[in-house]
Amino acid sequence: MGASRSSGTTDELGPDEDSGGGAPGCSADPGPPADGGGIPGEPPGSELLAALLDGMDAALCAFDAAGTVTHWNREAERILGWTAREAVGRTGFAGWAVRRADADEVRARLMSAMDAPGRQVHEFALLRKDGGRVLVRTQSAGVRGADGQPAGVYCAFSEVHAQIDLERAIALSEALLEDASWGVVLVDVDLRPTVVNAYAARALGGGRTALLGRPLGELVVQGVEELEAALHHVLAEGAPSAPAELWVTLRTAEGERRRCWRSGFLRLASPLTEEPVPLGVGWLFRDVTAAKLAEQEADRLRFRTNQLHRAARTASECEDPMEAATSLLDFALAGFADHVLVDLVAGERLVRTAATPFDAPGPCLPVSGGAIPARYDPGHPALRSVERTGTVRTSAGAGAGDAARSWASERRWPRDAAHALCAVLRSRGRTLGVLTFLRAANRSAFERPDAAYAETVAARVAGAVDLAQVTAGT
């Protein structure tokens, strides 16, 4: 068996207790010296073996068949305080590294590994050189000689709390990467996934192994630039102080879907180097789309309710009912639409009574020179809204540029219109006309909650229009 240190310490016998250099109670005859490292006649490669042993993260000692310490590395010295010169050559741990009352039991448990198959794990208390006690966990196994006979035992040990910390860290990482209730993705320095847990695989719309090594741009249609920028920042500057909310659009078998992920990032560095070497980024996230949409809807509803309240107060101060109607529409337009048109029923046709400017944003004003006929073709959304006395939503579709402008022009709407919502004006059981709200192409299409808001606005405008007509008739 080779030496544990390349400095030649293993040729020293154990310290003599009578000389004052050793621990109390240790034997004056420590036994034969071990095969030395760095002394004449040592086996080739023993210096390499000594370097390897001293470089280990675990404490290691070894005993020959008689129970004499033959190896003692630097980690063992760090934990217990005994140097290799003081340890190598002693017989067992009795009286120096273990209390005498426990020495026989510890020796028996350690040396039993010499005849047992595999490794044995034990926990017991050892003594530090300063007299303190430390609880260690040991793994011991037998060593065979060239003839296959038991030749000794090696024992690797570490402090129990350090071992437990390591086991907790391993258990935590395994739990995170298996069944955590949030997504965990480890990406390398090239920003490609290397580990994906089950939650993240479901969120990204793929299998755990199918996602590995693929560029994020293959998985995320929109928002990948923001995600990659966050990962680059973590690699360069470290983890941000607070989670970030990222909106992304994913490509799935069912089509594209938009999601919001509340994300946290951790820079991963190798623990085996003196200077931190980046291994990649740990990305943890939860899908908070439902909560964010509910929050946005609550904010939108609060804003719209406030706008209707302000509109009602302003309209109540207007002497002219039509002025009250256009004031209501000015408040309703904020954050809701880009244009609004008011077409009232006149016999068998609709006439344009008030509108916002076609060529620029502005307030809703009565048509100069009086109402003019609205030249709508049969099947026009405004006519359909009047016919069914309900709300009609329509959009230009996926087309853009000239196609979208042509779609708007054919319907006699401003050229930048791409989405429309027509709400009928009803008062006292009569259809008075129709409101048309228009959005440009850079905004989303009208949805069902928008239709409910438009109907509320239309009911208030219809009351003002009805009052204007009654007033005009008297």
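The following exchange concerns a predicted model and its nonpolar cores, a hairpin and one glycine. Residues are numbered from 1 along each chain as its sequence is written, and side-chain values use heavy atoms, with hydrogens and water left out. In this predicted model local features need pLDDT of at least 70 and side-chain atom pairs count only at pLDDT 80 or more, while totals for chains, interfaces and linings use all residues.

Biologist: Which element gives the most residues to the largest nonpolar core?

Modeller: A nonpolar core is a set of buried Ala, Val, Leu, Ile, Met, Phe, Trp, Tyr and Cys residues joined through side-chain atoms within 4.5 Å, where buried means under 20% relative accessible area, exposed over 50% and partly exposed in between (1.4 Å probe, protein chains only). The largest such core has 36 residues, and Leu435 is among the members that touch the most others. Elements giving two or more residues to this core include β12 (339–346) and β18 (430–440), helices (H or I, at least four residues) and strands (E, at least two) being DSSP runs numbered from the N terminus. The most, 10 residues, come from α12.

Biologist: In the hairpin of β3 and β4, which residue takes a positive phi?

Modeller: Strands β3 (residues 120–127) and β4 (residues 133–144) pair in the antiparallel sense over 8 bridges, pairing requiring that DSSP finds at least two bridges between two strands. Leu126 stands opposite Val134 in β4. Between the strands are 5 residues, and the positive phi, near 95°, belongs to Gly131.

Biologist: Why does Gly206 count as partly exposed?

Modeller: Gly206 is found in the loop between α6 (198–204) and β8 (220–222). Not counting residues up to four places away in sequence, Gly206 touches Ala201 and Leu211, contact meaning heavy atoms within 4.5 Å. Gly206 counts as partly exposed because its relative accessibility is 30%.
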